[in-house]
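Reader: I'm new to looking at structures like this one. Could you walk me slowly through a single part?

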Amino acid sequence: MSSALPSSTAEPQLRPKLTVAAGTTARAALEAAGTDLNGPSGVVVVRDSADQLRDLDVPFEATDEVEPVAIDSPDGLSVLRHSAAHVMAQAVQDLFPDTLLGIGPPIENGFYYDFLPKRPFTPEDLGAIEKKMTEIIKASQRFSRRRISDDEARAELEAEKFKLELIGLKGQPGNTTPTELNAEEASQVGGGVLTMYDNLNRDGELVWTDLCRGPHLPTTRRIPAFKLMRTAAAYWRGDQKNEQLQRIYGTAWPTKDALKAYLVQLEEAAKRDHRKLGAELDLFSFPEELGSGLAVFHPKGGVLRKEMEDYSRRRHEESGYEFVNTPHISKQTLFETSGHLPYYADGMFPPMEFEGSNYYLKAMNCPMHNLIFRSRGRSYRELPLRLFEFGSVYRYEKSGVVHGLTRVRGMTQDDSHIYCSKAQMAGELKNLLDFVIDLLRDYGLDDFYLELSTRDDSPKFIGEPAEWAEATEALRQAALDSGLDLVPDPGGAAYYGPKISVQARDAIGRTWQMSTIQVDFQQPKRFGLEYTGADGERHQPVMIHRALFGSVERFIGVLTEHYAGAFPAWLAPVQVIAIPVSDDQVDYLYDVAKALKERRIRVEVDSGSDRMQKKIRTAQQAKVPFMLIAGSQDAENGAVSFRYRDGEQRNGVPVEQAVQEIADFVASRKNSSPSVADFG
RNA sequence: GCCGCCUUAGCUCAGUCGGCAGAGCGUCUCACUCGUAAUGAGAAGGUCUAGGGUUCGAUUCCCUAAGGCGGCUCCA
């Protein structure tokens, strides 16, 4: 999953190309054309005919056609953020002179820089660094590019051991895609020629310098708005065997308003946090006594969960799945047979020794489903055989990775294993993908893209290359047929086969990995799964693993954030709250509630001693879709008043009609909040 | 697992420069009986996460553990 927020960047404007004559600068050409270089959409770099971004103030060796790049375009934002990273590094080395530099690339919505300081940074340090950065920005330092040979760079950066390492790893001249470096590292040294960026103050004095491919803003003054967000630790070059550096994250924007909008967006996202809403709405908790990553669902969360599962069961039933059940623990031999143990023992809870055997909590359901397949002879007439289970699995997630409901140690997968013939595989995958997308849509997610995870040369992948190729092709075809965007993920496959994962964007644009569909030739082999074909011969089935929600827990977390806790009426733990204007209407409302309960509506009467206004407020905060309010007039007329989540109301609705409307709305499984417009 | 920060009432948080702890919300009780987002008054509620150390004395300082948060690595 990625919970990164979308950048709120406007679409880049297409600007007319300009000619930069040999020996002159892009700035000269832009100024001659009267281009804005300072505003919120001002041009900060140009793109040359070789598709390289170039500084405004570095003279061109040859005449070229360039495309102006504005600060608020995706490339412009990267330049802004990378430049902000340099300013931060200068501020840090200024305040903490013995600090060594790692790398400082732009990232989505901001930038970071890794440091090796004498001591870790504190929150107070961040304030001081921000202040120093503001001084540097106000000083309007120029970013000045300077070519340098490898040897010169080594001499100049003698004290910076990490930079020296990058120089050693960079590609040779002409090799623009150094294989040893990832994209973020390459942004420091590029492929061929090394360059330094010198920060020069107004008097042209050198105040700071960094090894960098560039390009940069013309001056630090062009950083209109930034904020340091947090400190964190990060391993050098992303490898946990390496030294751990201190990373500082920041964000930078073309205007103060854009920064503010981004911060507001973060606040909105924080309000949706399922861990916070889960407690506020009394859905679930993580009792310390149970241990990390183990959730309990309270009655309200239990209802939500039951509704989700019930609907899923119904759809699976309609789609030809058969329901099975398997235990939570198994003898070690099962996971030896499946081949999981050598790969995933670290991810499983340690075994319990009992009656001379080691028992493991299951971390996956597939081996047990295989046993069901194998329990008797199978005919081709039974295929595809689709076994489904809400199966609870336990995984020993490392302590630092447990996170709310999205990364837990005990979870329930909506797990299914489909056994089919090779000939059926392509069609089954296509149907499966349609089924997955269709079901996710019913829960209100409707913006998807797919990721196709394939093998690379790593030895961790097992099985015949021909089988991999066939399965990968079948998955790719199913993905293409779906019409959704397909993102390749080379090397991301499971060791036993390729997979498609469905990524869903939620209401505020964050993406979550939801469903996975994996093809597996290994386990049928290992378990000796067979069926008798029409030809009377024995054949090995193809096995497809799939989970739609991923896990029920995780899906509840995602939906909670997607709906910000205001669940669709059909899922809402409490669908109706009945509120009397005074105590005199309590009995009347219990009668209304009885009528609703007969229609299987989840209704509560708030008979407490609060005033009506307070009860409305409470129900509103509980994000209940329907409030039914009754005073003496309503009671006399056999009517109720509706109040919806949006605060709109409809008065004097006859009880029978109100019950029908609510029952119909819930049955419709509409995912939008009910409002006056739904009942015109 | 690694780095940093955090843990005080059911929740959100004050506070004690080391001398037996406080607010708001919530809960309970009483009064009020009210027409679309907080009626008023009162009460209960805490081994200050746990264990060890320093000290005449520890919620406060130190160590360890557990749990949480932010990242990194990982995510079958």
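Reader: Which side chain has an N or O atom 2.9 Å from a base nitrogen of RNA strand B? Please take a close look at the protein surface around that strand.

Author: Happy to! Keep in mind that this model is predicted. The side chain you are asking about belongs to Ser 641, where an N or O atom sits 2.9 Å from a base nitrogen of RNA strand B. A base is also approached by Asn 651: a polar atom of the Asn 651 side chain is 2.8 Å from a base oxygen of the strand. Tyr 344 meets another part of the RNA, with a polar side-chain atom 3.2 Å from a sugar or linking oxygen.

Now for the wider picture. Sugar or phosphate accounts for 52% of the RNA strand B atoms within 4 Å of the protein, and bases make up the rest. On the protein side, 49 residues surround the strand, and those that come nearest are Arg 230, Tyr 235, Gln 244, Ser 399 and Arg 617. Sorted by character, the residues of this surface are 15 nonpolar, 21 polar and 13 charged.

Where along the chain do they come from? Several elements supply at least two residues each, among them the strands β11 (225-235), β12 (244-253), β31 (639-644) and β32 (649-654). The helices α18 (612-621) and α19 (632-637) do so too. The largest share comes from α18, with 6 residues. So if you'd like a place to start exploring in the viewer, try α18, then look for Ser 641 and Asn 651.

Notes: Residues are numbered from 1 along each chain as its sequence is written. Chains are lettered from A and ligands numbered from 1 in the order in which they are written. This is a predicted model: local features need pLDDT of at least 70, side-chain atom pairs count only at pLDDT 80 or more; totals for chains, interfaces and linings use all residues. Side-chain values use heavy atoms; hydrogens and water are left out. A residue is near a molecule or strand if one of its heavy atoms lies within 4 Å of it. A polar contact is a pair of N or O atoms within 3.5 Å; within protein, one must be able to donate a hydrogen and the other to accept it, and residues adjacent in sequence count only if both atoms are side-chain atoms. Helices (H or I, at least four residues) and strands (E, at least two) are DSSP runs, numbered from the N terminus. Ala, Val, Leu, Ile, Met, Phe, Trp, Tyr, Cys and Pro count as nonpolar, Asp, Glu, Lys and Arg as charged, and the others, Gly among them, as polar.
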